[in-house]
Structures are given as C-alpha cells and as structure tokens.
Amino acid sequence: MRLNFRIRSQVRLVHDSIDQPLDLTDIRALREALQADPTFDPHFDQLVECRHTLPLRINRDEVAAAASSSIYAPASRRAIVAASDAAFGVARMFQLMQPKGSQVAVFRSTAEALAWLGLEPNALD
C-alpha cells in the first residue's frame with residue numbers, strides 16, 4: 001500500500017503518510033484498514049503527509065469520489081501537507097469538493113498543519 005497510517009490516540013490524531021503516487025484503490029484500501037483497526041475513532045483529526053513528488057495517478061473524478069464520502073466525523077479537522085505543486089493542486093481540489101461543513105485545509109509544511117490542528121510541534125514524536 002502506498003499509504004501508511006499511525007493512530008496517535010494520545011493526541012486524537014490519525015497520521016497518514018503517502019510516499020508514492022496513489023489512486024482511488026489505495027484510498028479505499030486505507031479507509032478499509034482504518035475502519036478495521038480497533039483504535040480508530042472517526043472523531044479523531046487527520047494529518048495526511050504527501051511526501052512524493054512523482055506524477056500523480058488520480059484524476060478529477062476519483063478526487064470527487066474520495067471527497068464525497070468520508071470515514072471521519074463532520075467535526076474532525078483534516079490537514080493535508082503537500083510537497084509538490086501537483087500534489088498541492090490535487091489536495092486543494094479535494095478540499096474544494098468537500099461537503100459543506102467539512103474542515104479540510106491544505107498546507108506546505110507539517111508545522112503549519114500541526115498548528116492548524118491545535119497540536120504542538122512535537123506531537124508526532
């Protein structure tokens with residue numbers, strides 16, 4: 001799987017790392033793995049770090065499909081950190097396609113994302 005996650009219960013956060021280009025199948029696999037994990041809580045916040053700078057393998061329709069359904073509660077805050085311009089653009093598209101009331105933001109740095117989530121800089125240690 002191109003997506004890895006770590007549930008950080010002590011700070012009520014799901015931390016996802018993307019280290020290769022992904023597609024909708026990868027996103028669905030991550031959601032299934034999270035829902036199967038007994039420590040997952042849909043009320044936790046989410047931090048997604050997109051570290052790759054390779055070409056993306058996801059199109060607009062797949063972004064829309066991913067945005068239209070969520071395993072997170074509406075009050076959960078979801079921060080996406082994008083390393084490349086292409087990943088940033090796709091993340092912004094995902095943000096704009098969210099249902100009304102969703103709290104999704106896109107950042108260039110993990111520090112900015114953690115601050116927006118209300119977490120200390122050392123929250124991932």
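This is a short tour of the predicted model, stop by stop.

Before you click anything: as this is a prediction, local features need pLDDT of at least 70 and side-chain atom pairs count only at pLDDT 80 or more, while totals for chains, interfaces and linings use all residues. Numbering starts from 1 along each chain as its sequence is written, and side-chain values use heavy atoms, with hydrogens and water left out.

**Whole chain**

Start with the cartoon. You should find four helices and five strands, running β-β-α-β-α-β-α-β-α from the N terminus on. Helices here are DSSP runs of H or I with at least four residues, strands are runs of E with at least two, and both are numbered from the N terminus.

Now zoom out. The C-alpha trace spans about 35 × 30 × 30 Å along its principal axes. The radius of gyration is 13 Å, which agrees with the value near 14 Å for a compact globule of 125 residues; it is taken over C-alpha atoms, and the globule rule is 2.2 Å times the number of residues to the power 0.38.

Switch on the surface: 46% of the 125 residues are buried. Buried means under 20% relative accessible area, exposed means over 50%, and partly exposed is in between (1.4 Å probe, protein chains only). Of the contacts with a separation of 6 or more, 76% join residues 24 or more positions apart, a contact being heavy atoms within 4.5 Å.

**The aromatic pairs**

Next, show the Phe, Tyr and Trp side chains; there are two aromatic pairs to find. Rings pair if their centres lie within 6.5 Å (for Trp, the six-membered ring), and planes under 30 degrees apart count as stacked, over 60 as edge-to-face and the rest as tilted.

Select Phe-40 and Tyr-72: the ring centres are 5.5 Å apart and the planes sit at 80°, so this pair is edge-to-face. Phe-40 is in the loop between α1 (24–36) and β3 (45–50), and Tyr-72, 32 residues away, is in the loop between α2 (60–68) and β4 (77–82), so the pair links distant parts of the chain. Both residues are buried.

Then move to Phe-107 and Trp-116, whose ring centres are 5.8 Å apart with planes at 50°, making the pair tilted. Phe-107 is buried at 13% relative accessible area, whereas Trp-116 is partly exposed at 31%.

**Last stop: Arg-12**

Select Arg-12 in the loop between β1 (3–8) and β2 (13–18). What is its phi? About 55°, a positive value, although Arg-12 is not a glycine. Most residues other than glycine have a negative phi. Arg-12 counts as partly exposed, with 43% relative accessibility.
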